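Reader: Could you walk me through this one? I like to know how each label is earned.

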Amino acid sequence: MLPTFLIGGAPKAGTTALWALLDAHPQVFMTRMKEPRFLTRHLNEPAPGVHMIGPDRSVNFERGLAWYESLFAGSEGAVARGEASPQYIGAQDGPEIMERCVPGLKIVFALRQPVDRAYSQYWQHWKKGWRMAPFERLLDDEPSLRYLEYMSRYAQHVERYRQALGPERVHLILFDDLLAEPERVYAELCRFIGVDDTFQPASFDDSYNEFTAPRLRWLQRTLMVTHFRHFGRVVPRALRPRLRRLRHAVEGINRSASHYVPLDPGLRARLTERFEEDIAYVERLTRPLPEWRGTR
């Protein structure tokens with residue numbers, strides 16, 4: 001069995017919440033591995049000159065289609081089958097591989113105000129322990145600036161998928177609408193993937209991916225670097241689940257609830273101007289977005 005749809009991004013725009021809400025639907029099967037990252041070969045080189053913070057994120061295309069199919073074992077009775085890899089939105093080879101491996105696949109993109117999305121992702125990398133310059137300083141570093149902007153370039157990425165797959169197979173969800181009108185957004189999503197749109201999950205109020213801060217950032221960075229660089233190469237496959245549980249336990253002990261520093265409104269306004277083309281593009285496909293421009 002293979003997926004019938006994907007949640008393909010964007011990072012920090014509600015993809016974890018969408019995964020959980022669809023996982024609650026009795027007609028939907030979602031993979032236990034939330035981010036298989038199978039349908040791309042070049043996740044770590046998304047565009048020329050883009051600087052990636054932290055170690056490479058692994059992709060799994062080389063593990064073969066049989067491995068990907070194994071993630072959907074037990075889904076025979078499901079009406080719709082899906083996975084959520086928010087990095088797909090920036091994968092240059094994503095549409096081609098999807099069409100070749102899973103013809104007819106539908107894809108869902110959740111989109112957030114471009115600057116807010118990039119700022120949230122900046123703080124996500126900070127809490128993982130990466131050595132991060134202050135956000136304002138990164139804006140003067142052209143390679144890092146391109147990286148911070150990269151996943152927010154909706155006009156480029158969404159249109160690539162619409163052209164390759166057809167607009168009828170691409171569904172857009174606005175982060176703002178998911179927060180304000182979750183019942184409507186959920187029903188429309190269910191209709192898009194072809195399941196009962198009258199089903200309502202137990203709650204739309206649960207929080208997902210709440211911001212936490214590591215008590216010891218050096219410890220968090222060590223855990224992450226060791227995981228990415230050595231975990232899959234050195235540790236025997238049979239031991240990986242135990243070590244993964246141990247790593248998650250240590251991360252939990254090292255984590256505390258927190259809030260990141262709000263973005264300066266003036267800086268947000270100046271940066272938003274750089275995304276005018278992307279905001280206008282999303283407006284043409286959805287609705288007016290004065291809140292994205294800060295004019296409401």
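Reader: What share of the contacts in the protein with a separation of 6 or more comes from residues 24 or more positions apart?

Author: Such residues account for 77% of those contacts, where contact means heavy atoms within 4.5 Å. This is a predicted model, in which local features need pLDDT of at least 70, side-chain atom pairs count only at pLDDT 80 or more, and totals for chains, interfaces and linings use all residues. Residues are numbered from 1 along each chain as its sequence is written, and side-chain values use heavy atoms, leaving out hydrogens and water.

Reader: Why is helix α1 called mostly covered?

Author: Buried means under 20% relative accessible area (exposed is over 50%, partly exposed in between, with a 1.4 Å probe and protein chains only). In α1 (residues 15-23), 8 of the 9 residues are buried, so the label fits. Among them are Trp 19 and Leu 22. Across the 296 residues of the protein, 53% count as buried.

Reader: How do you know that β1 and β4 are paired?

Author: Two strands pair if DSSP finds at least two bridges between them. Strands here are DSSP runs of E, at least two residues, while helices are H or I, at least four, both numbered from the N terminus. Because 4 bridges join β1 (residues 5-9) to β4 (residues 106-111), they qualify, and they run parallel. Gly 9, for instance, has Phe 109 of β4 as its bridge partner.

Reader: What makes β2 and β5 edge strands?

Author: The open sheet has the order β2-β3-β1-β4-β5, with parallel pairing. β2 (28-30) and β5 (170-174) each have a single partner strand, so one side of each lacks a neighbour in the sheet.
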